[in-house]
Structures are given as C-alpha cells and as structure tokens.
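Me: I would like to go through the terms used for this assembly one by one, and to see for each of them how the value stands against the definition.

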Amino acid sequence: MIEFIPFIAVVVMVFIGLYAVMFRRNLIKIVIGITIIESGINLFLITLGYREGGVAPIYTGLPPGTAYPEQMVLPVPQALTLTSIVIGVAVLALMLSLVMHIYRKYGTLDVRKIRRLKE
Amino acid sequence: MTEMTKIVKTIANILFPFTVLFGLYIIAHGHLTPGGGFQGGAVVASGCALLLVAYSSRWVFKRIKEKRLATFESIGAIGFITVALLGLVFSMVFFGNFLAGSNLLFGTTPATGSTLADFNTGGVLPLMNFAVGVKVIAGLFVIVLVMAYASSVKEWGQ
Amino acid sequence: MFTLESGSGFWNPLIWVLIVFIAFLFFYGIRGFGKSIYKKGTEQTKAFLSGNKESAPEDMHVKASNLYWGFTTSMKTLYAGLRKMHTGNASDYVLWFVIVLAVLFLIFGVM
Amino acid sequence: MTLEETLLQHSPALIIAIPLLSAFLMPLVSRIHAKLRNVFALVMLGLTGCFIWLLATDVLASGPRVYIFGAKNLTLPLVRILFEVDSIGIFMAIITIMLAIIAVIYSWSFMNEQDGLDKYYTLLLLVVTSALGMEFTGDIFNFFVFLEISCIASCALIAFWVEEGEALEAAFKYIVVSAIGALFVLFAIGLLYAQYDALNIATLAQALQYTFLDKIVLILLLVVLGMKAGLAPMHMWLPDAYGRAPPSVTLIIISATLASFYGVLRVIFTLYGNVLTTSMRFDFPLHVIIGWVLIVLAIVSILIGVIMALIQSDLMRLIGYTAVAEVGYMFLAIGTTVAALGAPYATVALQGGILHLLNDAIDIGLLFLVAGAIYYVTKKRSLDDISGLARTMKYTTVFFIVALLAVAGMPPLNGFTSKFLIYESVYQLNPILSIVAILCSILMLAIFIKVLYAAFLGPELPALKDVKEAPKSMLLAMGLLASLAILIGLFPNLFIDTLVKPAADALLNHAQYITMVIGGV
C-alpha cells in the first residue's frame, strides 16, 4: 500500500490543478494551477524511476558494495523530469509576462472579464 | 522594487560571490555529478535575483543592459548547436562526441568502476554544459530583471 | 494520367475546363448578336432606381453583419445555444477539454 | 562516399539544425543590417528546403531513413534519440517549409513597419524547427519536447502585436490550453515508459499490448493532439489565436497545427497499428470505435465551424472558424479510414485526407494572406467597415476568388480534388455523413460569397478612397499559393501519385516503420 501513496499524490495534485484552472477566477491562480499539474506529473515521472533502496545513478560515486546497475534508480525518468522542469520554467515565465501585459490592457485579472474574444 | 536596508545589502554582497561560484561549480561538474548547465545556470541567476531584491531593479537595470543579456543568450544557444555541428564534422554524426577518448581537452577516458571523479573527462558534454549555462544565466536573469523592472515602473513599455 | 480515380467514380479537371471553355465560346457567340451601343461615361452606365436619386455610398452600403439575416433569424435557437457555448472564458476551454476526455474515457471504458 | 551521399545521410539532422542555428544567429545578424535579416531568414529556409528536397527524393524512392543522434550504430537498449523519416513525415515537412518560405516572403513588406523583428524571425524559425522536429522524430519524448517548443514559440508570436489587448488574450488562452494538453501528453508518455521501458515509437509499437493503461494513453494522446489540431468542441482557442495573430504568423501556426494532426495519424496508425484489430466488448474491433469517435467529433467540427463562421464579422476570425471546419474534413477522412480499415475505400479516404492536409494549408493560408493584405491597406478588421475594395486591389481580389473557390471545394481548384475523394469514400461508409459534408461545403461557399460581397464588391466608401494595392512581396506570396492551388486542381494526379500515395502507404504499412528500427539493431 505504501508504494501507492506517490501515485495517489499525483492524482490529487492533477485534480487540484485542474480545479484551480477551471473554477478559479484569478489569472495568477490559473497559472498556479498549471504549475501544480506540472509538479504532479513530474512527481509521477520521478516515482516511476524510483527503486526500493536504490542509490543515485552517479557512475563514479557508488557506495562500496552496491551492485551495478541493479541498485541504481532509473536515470531516464529523471532526465525526462529535468527536461519537463526546464520547459515548465519557460511556460511559466511566458504565462506570467502575458498576465502582466493583460493586466495593463484590461485592468483586471478576473478571467470572466477577459473575454473580448467570444462567439 | 525599492532598495532594501543596509543589512540586506551587506548580506547580499557577501552571499553573491558564493552563490555565483556554487552555480559555476555545478555547471562545470555537470558531467560528473547531478546538475549541469540548467541547474547551475538557475543557481547563478538566482544569485543575480538576490542583487535585484537587495538593490532595486532600477539600480541593476542601469548597469546591465537587457540587449547585452539577449546577445549572451544567443551566444549560448549558438555555442550548443556549433558543438553539435562540430560532432558532425569530426565524427560524422550530429551531436557526436568527438573529444571523448582523444586525450585532448576533456578527452581522457575515465576508469571503470567506483573511482574518484576525473574532471578531465566527458568529451563535448562539459562544453555543452558551459553553453547551456551561459544561455540559462542570461535567459533567466533577463526574465527576472525585465519582470521586476516592469512591475516597478507605472507606465512601462511606453 | 489526368483522371483521378476514387474507386467508384472519376474526376478529370481537363474535361471540365474544356466544357467550361466551350460554354464560354457559346455564350460569347450569343453575346455577339447584341447591339454595340454601349458607351462609357454617359447616362447609360448610371444605375436606374425608379427615378430616385442615387444615395451616398455610406447609405447604400449593406453591412456584412446584415447579410444572411433570414438564415440567422430562422436558426435563432441554434445560434443562441452556440453563442452560449462560446463563452470566450479560458477556464471553459479547459472545461471542454476535460469533458471530452471524460466522455471518451466513458466510451472506451464501457467498450 | 560522395559529398551528395554524405549530405543525404545527415540531412535529417541538418534540416533541424539549420533553422535552429539561424534562429539564434538572427539577433546577431539583425545588428548588422535590418534588410540582411530578411535575406538571411529566406536563404536559411531555402537551404533547409533544399535538404528536404534531397531527402524527399531519396525517401520516396527507397523507403524510410533512420538517423541516430550521437552514435553511428543502434545498440540495445534503445535509449538513443533517433529520427525516422518516412513518406508521410517528408510530406508534412514539404508543407511546413512551403508555408514558412511563403510567410517570410509575405512578412518582408507586411511586418517592415514593426519593431522587435529580430525576435519575430527568431520565434518564427523556432516554430518551423519544432514543426519539422515533430514530423521527423522517432522518439515519443522528443515529440513532446518539440510540441512544447512549438506551443511556447507560437504563443509568443500570437502575442506579437502586444499593443492590442485581444492578441494578449488569445495568446494567454492558447498557452493555458496547450500547456495543460502538453502536460497530459507527458503523463501518457510516462505511462508508456512505465510499461514498456522504451520511448522509441517503433519499439513501443512493437511491444504494445493494449492493456488498461494503454487505453488511457490512447485517449489522452488522441484528445490532446486533436485539441492542438483544432477539433471541436475543443476548438475555441483556434479562432482566437488565428484571428489575432499577424497573418504571416498564422501561416506558421497552421503548420504547427498540422504537425499536431500528423501526431494523431502517427499515434493511430503506427503506435497503435498492431492492436487496431483487437476485439473489444460486443465483438467491436478497436478501430471501429476509434474511427466512429473521430467521425462524430469531425462532423461536430464541420458543423460548428461553418455555422459559427456565418455570423462572424471579423474577417480573420471568420477564416479561423472555417479552418476548424477544414480540420473537421481531415478528421472525417481519417475517421473513415480507421473505421473501415481494410476496405478498399479506406485507402481512398486516407489519400483524400492527406491531400486535404496540403489543400487546407494552401487554401486557409491564402485566405489569411488576403485578409492580412486587406488589414495592411485599410487597418480595419471588421467586414462592416470595408467595401468596394475590388476597384483598387485588383490582384488581391483575384487571389481571394481563387481561395474562395478552392476552400469551398469548387472545381477545378485544389479543394475539390481532396473533397471529392473524401465524399466518395465517406459515402460508402455512411451516405448521411457525406451529405452533411457536402451541405457544409456549400454553406462555406455562401460564407465566402458574403465576404466577397462585403469586402470587394459594393459601393466604394469615401473613407477607403485612397487605399492602394498591397506591396509586391505580399502579392508574390499570395500569387505563389494561388498558383499552387490552381496547379493541384488541374493536375491532381501529379501530386497524388508522387506524394500522397506513398504517404498513405507509409501510414498503413506500419510494419515497415517498426522493422526499420528493430531490424537495424
């Protein structure tokens, strides 16, 4: 059971993020919601690569007596997570700068009032 | 953002070189330990953000031009792709590691097994880490700088 | 080479072009029977509106949103529904995405 | 090895590397001289086009090509990033580079009064790079990375007219929707990696078992990529983004959208190609369910796109809704192919759908260029404020009429050839679908007749007395697309035999795609 807790956390985080995006009105909160989803998915990837009692996959820094490569955690999901984090930073910066510009133009952060483009 | 008190400034002055040094260490050891260009670059950029918080964003904006940072960012990206293209030239494959095992710069072959890390290994990986590091330092710093500056000015962009 | 086969029919653009060309020649021939009394820049070319004066271009201009008035009016209920659907709210865009995901999960889950 | 062989061998990498390198060289180049920037972008895209041409001739003649990054040979386990280029990938690449070159030609005059153009060209080249990467990659995680690059870069381009609040709004909506979508793609990739320990599309396709998790992956990938391609009812970002981006940018975003559509094709036909005939409950094979789901969504897209376009008064937004309908036609063709997998008309439907990809890019692109030309000379967006432009903009009117007939599927223009194939094959699956498609095509003609009347015919307004014809580079860009539309319309077989049929075969014959990688180990 204990090994499922990260996955439950992933689902909870994704749903909290989706809730924030769908039902919160403030643009900043929507942006926060997206980052929560992203963290949930990063947690999912990290959990995939984790091995019970594994060590960090540093080739030259193995503790004496560890079997190589059976006791290392998987490095590929970590690489995926790193890439995802890097992309997340770019998306976050872009979204926040758009929010700043939108606030300047619309004078509000309420998502229900930012809909000049409809129908 | 306005200037902060003298205490904050002094602490920032002391911490700034160490933060930058630590970031550069992470960039340089990217091929041996966890970390690399992006992580180290983020640490250096957060050191620069420390300056932004302590001194005002105007103070930083006067000293460092946004255009120059953008140029550095391009140089980082160009360096990365150039190394990849050099792999195409020297080892006939894009992103090829032409320096590994050549006993030149970063070219020695590491000993197998659990040994001490040898800095002079990794082939083109450290070079790519440096390129990415330059790009990330410049990129993240310009993002933070422009955002901080823009939110401190009432009628910005005009 | 120029015939596009679809398994149950075919389409040859060159035959089509040929037919249009022949039709054009035909009508051009008919046009030749008319009298050539047309003169540019005379009263002939002015619009005849039952003796009324031609109004200013702004008044004659039928705006684009007034076109197809009949169609949109008769489809009023449909358009009311579609307008309600296109709220322009960014949250609703995500909501639609989640709804489609949920419906597909349901379909694939049952099947 | 001769020089040509060497270039050919490395062309998949170079096709990505050249636009990427030139994107980051752009800020430095534009410091030298402003005009040099335009020339540089055009030359670099032309060079990329040459490599695509070189690769296309080889791929069409002798089958798919694999390119491995960072190593000469494949070794197990397959953790290498690799590109796999087959006929459908090269077909998409040709569309992308064509749109990119035309967009750069168009922006020469269209954007020359703007500032910040170095960033504009950098982002434009990045979108081109990412679209090409999505089309060539043989690695599903790499696909995700390129998808994210394309969404970030095109979002920044949509907000390029930053002084307009609506552009920012459209960009924000686009980034919210596509960021969430891309995260779900990453989630799906994680699920695939968890089960099969691989990220390579060919290896995954080989190992796929259609377990419960694979079901989730399939739905996530289909819905997200469908959304990025503009499938209703998740299409709402599309008219916003298309309508508010500069028209030259819209052309590039069309290619990114089509790359997402290519992703749908790749997921269904290659990734799930082995399990499409799996029997589900009630003895329905999987492909029938996928096919009918796609068909229903496609019909909804066509209807919503056409009906909503009828009441728009903003010209670019109107074209955006028609683009939704056009995407619907493509999905209708793909849905028919999947639902009737194995039947002779399924191949015809697939050919129609793939040809419609090209035609959609040309027609919608041409319409946006015309709308951009109108905006450039009148500075007005609404159709209510313009009238009688045919008197002063003769060439633009001609190009608009070509685009109108093409997009409405009137013979002998290109829209007709692909729609003809789609109607004929869909009719054999279900006649009602075909009738709906034809009726919506007629409605589309009505919509554009309205635009023709409102913008080009009618009385000449005094406010528009001194408008001039659009500048030469814009006319050249429109002329290129219009002549392509006529060319494909008159000689459809030329394109179908050389490009479309190999592409359709490559999709249906997924075993070849898999053995290229698995057999190469």
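Reply: What follows is a set of questions about burial, cores, strands, cavities, pockets and chain contacts, each answered from a value and a cut-off.

Me: Before we start, what kind of model is this, and how are residues and chains labelled?

Reply: This is a predicted model, in which local features need pLDDT of at least 70 and side-chain atom pairs count only at pLDDT 80 or more, while totals for chains, interfaces and linings use all residues. Residues are numbered from 1 along each chain as its sequence is written, chains are lettered from A and ligands numbered from 1 in the order in which they are written, and side-chain values use heavy atoms, with hydrogens and water left out.

Me: Why is E326(D) called buried?

Reply: Buried means under 20% relative accessible area, exposed over 50%, and partly exposed in between, with a 1.4 Å probe and protein chains only. E326(D) has a relative accessible area of 0%, and therefore it counts as buried. This residue lies in helix α12 (residues 315-339) of chain D, where a helix is a DSSP run of H or I with at least four residues, a strand is a run of E with at least two, and both are numbered from the N terminus. Leaving out residues up to four places away in sequence, E326(D) touches H356(D), D360(D), I364(D), V407(D), K419(D) and M444(D), a contact being heavy atoms within 4.5 Å.

Me: What makes S91(B) buried and F24(C) exposed?

Reply: S91(B), in helix α4 (residues 66-91) of chain B, has a relative accessible area of 17%, so it falls on the buried side. Its contacts, apart from neighbours within four places in sequence, are L86(B), G96(B), N97(B), F98(B) and K72(D). F24(C), in helix α1 (residues 13-31) of chain C, has a relative accessible area of 52% and is therefore exposed.

Me: Is E148(D) buried or exposed, and which residues does it touch?

Reply: At 4% relative accessibility, E148(D) counts as buried. This residue of helix α5 of chain D touches I87(A), V91(A) and A182(D), not counting residues up to four places away in sequence.

Me: What makes a group of residues a nonpolar core, and which residues have the most contacts inside the largest one?

Reply: A nonpolar core is a set of buried Ala, Val, Leu, Ile, Met, Phe, Trp, Tyr and Cys residues joined through side-chain atoms within 4.5 Å. The largest such core has 297 residues, and those with the most contacts inside it are F91(D), I180(D), I290(D) and F448(D). Helix α6 (residues 165-196) of chain D gives the most to this core, with 21 residues. Apart from it lies another core of 10 residues, including L52(B) and F61(B).

Me: How do you know that β1(D) and β2(D) are paired?

Reply: Two strands pair if DSSP finds at least two bridges between them. Strand β1 (residues 65-68) and strand β2 of chain D are joined over four bridges in the antiparallel sense, and V66(D) stands opposite E84(D). In β2 (residues 82-85), L82(D) and E84(D) point one way and F83(D) and V85(D) the other, and all are buried.

Me: Why is one space called a cavity and another a pocket?

Reply: On a 1 Å grid over the protein atoms alone, a cavity is a set of points where a 1.4 Å probe fits but cannot get out, whereas a pocket is an open set with protein on both sides within 12 Å along at least five of seven lines, and lining residues have an atom within 4 Å of a point. Grid points are joined across faces, edges and corners, and a volume is the space filled by probe spheres set on the points. The search finds eight cavities of 30 Å³ or more, and the largest has a volume of about 100 Å³. The second largest pocket holds about 540 Å³ of space, and its 19 lining residues include W53(D) and I94(D). The largest share of this pocket's lining, eight residues, comes from α2(D).

Me: Which chains share the most contacts, and what separates chain B from chain C?

Reply: Of the five pairs of chains in contact, chains C and D share the most contacts. No contact joins chain B and chain C, whose closest C-alpha atoms lie 23 Å apart.
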